[in-house]
Amino acid sequence: MKLPHPSVVILLILFASSSCAQLAMAGSAFCDSKCKVRCSKAGLQDRCLKFCGLCCEACRCVPSGTYGNKDECPCYRDKYTGVGKRRRPKCP
């Protein structure tokens, strides 16, 4: 049995992985609707929606309103990026 050319194998792997990535990034209706409200007044909406969606998927909750109220969702409140001086809240 003859094996396919290595470039064909690589292309198939890339195609399969990109399809899986698109499905994973699709998000849920719950997170999409909650983040749409949360980010409605954000200056950089695409960025807000991205990070809100990541936090929502991990925590399964989003604080109410467009700002603050993070005590409603401790997981969302306690997510940070970086360490030391670069440590910043991850979730909008």
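**Exercise 1. Work out how many helices and strands the protein chain has, and in which order they run.**

Step 1: count the elements. The protein chain has 4 helices and 2 strands; both kinds are DSSP runs numbered from the N terminus, with H or I over at least four residues for a helix and E over at least two for a strand.

Step 2: read them off from the N terminus, and you get α-α-α-α-β-β.

A word on the ground rules: residue numbers start from 1 along each chain as its sequence is written, and side-chain values use heavy atoms, with hydrogens and water left out. This is a predicted model, so to speak with filters: local features need pLDDT of at least 70, side-chain atom pairs count only at pLDDT 80 or more, and totals for chains, interfaces and linings use all residues.

**Exercise 2. Find out what pLDDT the protein chain averages, and where pLDDT stays under 50.**

Step 1: take the chain as a whole. pLDDT, the predictor's confidence in each residue from 0 to 100, averages 82 here, and 71% of the residues score at least 70.

Step 2: look for the weak stretch. Over residues 18-26 pLDDT stays under 50, and the model gives them 1 contact (heavy atoms within 4.5 Å) beyond four places in sequence.

Step 3: decide how to treat it. Where pLDDT is low, the predicted coordinates should not be read in detail.

**Exercise 3. Describe the burial and the exposed area of the protein chain.**

Step 1: of the 92 residues, 16% are buried, meaning under 20% relative accessible area, with exposed over 50% and partly exposed in between (1.4 Å probe, protein chains only).

Step 2: the chain exposes about 7200 Å², of which carbon and sulfur atoms supply 63%. These areas come from the Shrake-Rupley method with a 1.4 Å probe; for residues, only the protein chains shown count as cover.

**Exercise 4. Identify the residues of the largest nonpolar core, then place C55.**

Step 1: list the core. A nonpolar core is a set of buried Ala, Val, Leu, Ile, Met, Phe, Trp, Tyr and Cys residues joined through side-chain atoms within 4.5 Å. The largest one has 12 residues: C31, C35, C39, C48, C52, C55, C56, C59, V62, C73, Y76 and C91.

Step 2: sort by element. α2 (29-38) and α3 each supply at least two residues of this core, and the largest share, 5 residues, comes from α3.

Step 3: pick out C55, which is in helix α3. C55 is buried, because its relative accessible area is 0%.

Step 4: follow its contacts. Leaving aside neighbours within four places in sequence, C55 is in contact with R60, Y76, K79, K90 and C91. With K90, 35 residues apart along the chain, the C-alpha atoms are separated by 7.8 Å.

**Exercise 5. Decide whether K70 counts as buried, partly exposed or exposed, and trace its contacts.**

Step 1: locate K70 in the loop between α3 (45-59) and α4 (74-77).

Step 2: K70 has 22% relative accessibility, so it counts as partly exposed.

Step 3: beyond its neighbours within four places in sequence, K70 is in contact with R38, P63, Y76, R77, P89, C91 and P92. The C-alpha atoms of K70 and P92, 22 residues apart along the chain, are separated by 9.3 Å.
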